[in-house]
Amino acid sequence: VPQGLNNVGNLSGGFYHSLALKENGSVVAWGDNRYGQGDVPAEALTGIVSIAAGAYHNLAMREDGTLVVWGRNHLGQLPLPSRERLGEIQAIATGAHHNMVLRTDGTVYAWGYNQNGQSNVPAALKSVDHPDFVRVTAIEGGALHSLALREDGTLIAWGQKT
């Protein structure tokens, strides 16, 4: 932990690096930096409300709902999808090499590494028009899987099953 780090409101850990979100909306990173995951971009030094650390990359959400990503991009986790695809965002999560957003309408969108299906969001979580849609209230990414908690208390998992 960096000396003098205080006023931390949230934190997240990657494979060999860590992030802290300070109460003033700035991000601090430390640990391994061989892929730039410790080099916090200027866009993440103010106005950040949420952070998530992947294996060697990071995702941060700004107050206006826009995203900032940095670090290693060997499996498609860094290029941000269009704002239209992302929609209005209320929460973010990362897996080892993939990212997810929870939209304000309760749907989920994911991108990045997908060899195990961890970025293939089930149809019932992608569209409010799906007959089995129940609003998602929380998301989380694992190394090779993803999770969504729905408003009715059910948990949906996808990606690697074993």
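This passage describes a nonpolar core, a three-stranded sheet and selected residues of a predicted model. In this model, local features need pLDDT of at least 70 and side-chain atom pairs count only at pLDDT 80 or more, whereas totals for chains, interfaces and linings use all residues. Residues are numbered from 1 along each chain as its sequence is written, and side-chain values use heavy atoms, with hydrogens and water left out.

The largest nonpolar core comprises twelve residues, namely Ala52, Leu59, Met61, Leu67, Val69, Leu78, Leu86, Ile89, Ile92, Val101, Tyr109 and Trp111; such a core is a set of buried Ala, Val, Leu, Ile, Met, Phe, Trp, Tyr and Cys residues joined through side-chain atoms within 4.5 Å, where buried denotes under 20% relative accessible area, exposed over 50% and partly exposed in between (1.4 Å probe, protein chains only). At least two residues of this core come from each of strands S5 (57-62), S6 (67-71), S7 (89-94) and S9 (108-112), strands being DSSP runs (E, at least two residues) numbered from the N terminus. With neighbours within four places in sequence left aside, leucine 67 is in contact (heavy atoms within 4.5 Å) with Leu59, Ala60, Met61, Leu80, Leu86, Ile89, Ile92, Val101 and Trp111.

Strand S7 is joined to strand S8 by a hairpin of three residues, and S7 and S8 (residues 98-103) pair in the antiparallel sense over five bridges, pairing being assigned if DSSP finds at least two bridges between two strands. Within S8, methionine 100 stands opposite alanine 93.

An open sheet of three strands follows the order S10-S11-S12 with antiparallel pairing. Because strands S10 (136-141) and S12 (155-159) stand at the edges, each with a single partner strand, one side of each is left without a neighbour in the sheet. S11 and S12 pair in the antiparallel sense over five bridges, and histidine 145 has glycine 159 in S12 as its bridge partner.

Arginine 150, located in strand S11 (residues 145-150), is buried yet has no salt bridge, the nearest side chain of opposite charge being that of aspartate 152, 4.1 Å away; a salt bridge requires a side-chain nitrogen of Lys or Arg within 4 Å of a carboxyl oxygen of Asp or Glu. Not counting residues up to four places away in sequence, arginine 150 touches several residues, including Asp132, Arg135 and Ile156. Isoleucine 156, in strand S12, is partly exposed, with a relative accessible area of 23%.

Notes. Helix = DSSP H or I, 4+ residues; strand = E, 2+ residues; numbered from the N terminus. Lys, Arg positive; Asp, Glu negative; His and termini not counted.
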